[in-house]
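Please open the model in your viewer and keep the sequence panel beside it. The tour below moves from one selection to the next and says what is to be found at each.

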Amino acid sequence: MLSAGLAVTMPLALVSFAIGLFLAVAAALMRISGSRVLSGIARVYISAIRGTPLLVQIFIVFYGLPQVGVRIEEFPAAIIALSLNVGGYAAEVIRAAILSVPKGQWEAAFTVGLSRATALRRIILPQAARVSVPPLSNTFISLVKDTSLVATITVTELFRVAQNIAAFSYEFMIIYIEAAVIYWLFCLVLSIGQDRIERRLDRRVAH
């Protein structure tokens with residue numbers, strides 16, 4: 001189980017989070033773009049993701065898409081579903097972080113001749129990143145636990161391996177407690193890393 005956690009669960013979470021973060025930034029920028037069309041598309045995407053269970057999203061990608069001629073293997077399907085889910089939840093976090101940056105920062109950027117895109121990239125997003133670190137870290141920790149749901153489409157991550165061992169040994173209580181402990185240890189390590197990152201960012205802001 002530990003081997004599956006390190007070799008499958010964590011890489012699955014990392015890749016899905018990276019793709020989801022990209023989707024989240026895109027959706028957040030669409031929401032604040034001022035374009036009704038782009039904002040509307042982002043609103044529908046975010047609402048659909050936040051309003052439906054992750055398990056249903058996984059099943060739509062893996063079992064539903066083949067019905068329209070799109071067949072995806074287990075691992076890529078898991079990445080797609082998890083990434084879309086992360087993007088929907090993280091988009092509002094990033095949007096709120098961007099809006100939390102004082103308007104004076106925009107005005108100062110325009111005063112020195114920066115375009116909106118350059119100001120966003122070089123001034124606004126770096127400041128928004130500091131604000132969004134805590135909630136995004138929590139999103140990643142939740143994602144690590146949510147990877148257990150892809151066991152339902154036979155991805156051999158930590159929980160799927162636990163199910164296979166339990167089915168063979170009939171030691172359901174012991175095996176599932178061991179799986180829970182491993183998840184807990186992963187999340188504990190990530191929480192420690194989150195605390196260190198937040199303290200480092202706080203020191204930089206203070207200076």
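The stops run from the whole chain to the core, a bent helix, the pocket, two loops and a few single residues.

**The whole chain**

Begin with everything shown as a cartoon, bearing in mind that this is a predicted model. The chain has eight helices and zero strands, so that, read along the sequence, the pattern is α-α-α-α-α-α-α-α. Switch to the C-alpha trace, which spans about 70 × 45 × 25 Å along its principal axes. If you colour by accessibility, buried residues make up 37% of the 207 residues in the chain. Where contacts join residues at least 6 apart in sequence, 73% of them link residues at least 24 apart.

**The nonpolar core**

Next select Met1, Phe140, Leu143, Val150, Ile153 and Leu158, which touch the most other members of the largest nonpolar core, a set of 48 residues. Two or more residues of this core come from each of helix H1 (2-31), helix H3 (54-64), helix H4 (74-100), helix H5 (103-111), helix H6 (116-146), helix H7 (158-169) and helix H8 (172-206). The largest share, 11 residues, is supplied by H4.

Centre the view on Ile153 and display what surrounds this residue: not counting residues up to four places away in sequence, Ile153 touches Ile58, Phe59, Phe62, Tyr63, Glu74, Ala77 and Ala78.

**Along helix H4**

Now isolate H4 and pick the C-alpha atoms at its two ends. How far apart are the end C-alpha atoms of H4, and does that agree or disagree with the span its 27 residues should have? They are 39 Å apart, and at 1.5 Å a residue the 27 residues should span 39 Å, which agrees. Looking along the helix, stop at Ala90, where H4 bends by about 30 degrees.

**Two residues of helix H1**

Move to H1 and select Ser16, which is found in this helix. Ser16 has a relative accessible area of 0% and is therefore buried, the cut-off being under 20%. With its neighbours within four places in sequence left aside, the contacts of Ser16 are Ala78, Ile79, Leu82, Ser83 and Leu143.

Stay in H1 and go on to Ala27, which also belongs to this helix. At 4% relative accessibility, Ala27 counts as buried. Its contacts, again leaving aside neighbours within four places in sequence, are Ala42, Tyr45, Ile46 and Ala91. A distance label is useful here, since the C-alpha atoms of Ala27 and Ile41 are separated by 8.5 Å while the two residues are 14 apart along the chain.

**The largest pocket**

Which residues line the largest pocket? To see them, select Leu14, Phe17, Val133, Leu136, Ser137, Phe140, Ile141, Leu190, Gly193, Gln194 and Ile197. The elements that give two or more residues to this lining are H1, H6 and H8, and H6 gives the most, with five residues. The volume of this pocket is about 220 Å³. Phe140 can be kept highlighted from the earlier selection, as this residue is named both among the core members with the most contacts to other members and in the pocket lining.

**Two loops with a positive phi**

Select Thr154, which lies in the loop between H6 and H7. Its phi is near 65 degrees, a positive value in a residue other than glycine. Is Thr154 buried, partly exposed or exposed? Its relative accessible area is 38%, and Thr154 is accordingly partly exposed.

Then take Tyr170, in the loop between H7 and H8. Here too phi is near 65 degrees, positive in a residue that is not glycine. Tyr170 has a relative accessible area of 63%, over the 50% cut-off, and so is exposed.

**Residues on helices H6 and H8**

For the last two selections, start with Arg130 in helix H6, which counts as partly exposed at 37% relative accessibility. Draw a distance from its C-alpha atom to that of Asp146: the two are separated by 25 Å, with the residues 16 apart along the chain.

Finish at Met173, placed in helix H8 and counted as exposed at 61% relative accessibility. A second distance, from Met173 to Thr52, gives 30 Å between C-alpha atoms for residues that are 121 apart in sequence.

Conventions: Residues are numbered from 1 along each chain as its sequence is written. This is a predicted model: local features need pLDDT of at least 70, side-chain atom pairs count only at pLDDT 80 or more; totals for chains, interfaces and linings use all residues. Side-chain values use heavy atoms; hydrogens and water are left out. A nonpolar core is a set of buried Ala, Val, Leu, Ile, Met, Phe, Trp, Tyr and Cys residues joined through side-chain atoms within 4.5 Å. Buried means under 20% relative accessible area, exposed over 50%, partly exposed in between (1.4 Å probe, protein chains only). Helices (H or I, at least four residues) and strands (E, at least two) are DSSP runs, numbered from the N terminus. Contact means heavy atoms within 4.5 Å. The expected span of a helix is 1.5 Å times one less than its number of residues. The bend at a residue is the angle between axes fitted to the seven residues ending there and the seven starting there. On a 1 Å grid over the protein atoms alone, a cavity is a set of points where a 1.4 Å probe fits but cannot get out, and a pocket is an open set with protein on both sides within 12 Å along at least five of seven lines; lining residues have an atom within 4 Å of a point. Grid points are joined across faces, edges and corners, and a volume is the space filled by probe spheres set on the points.
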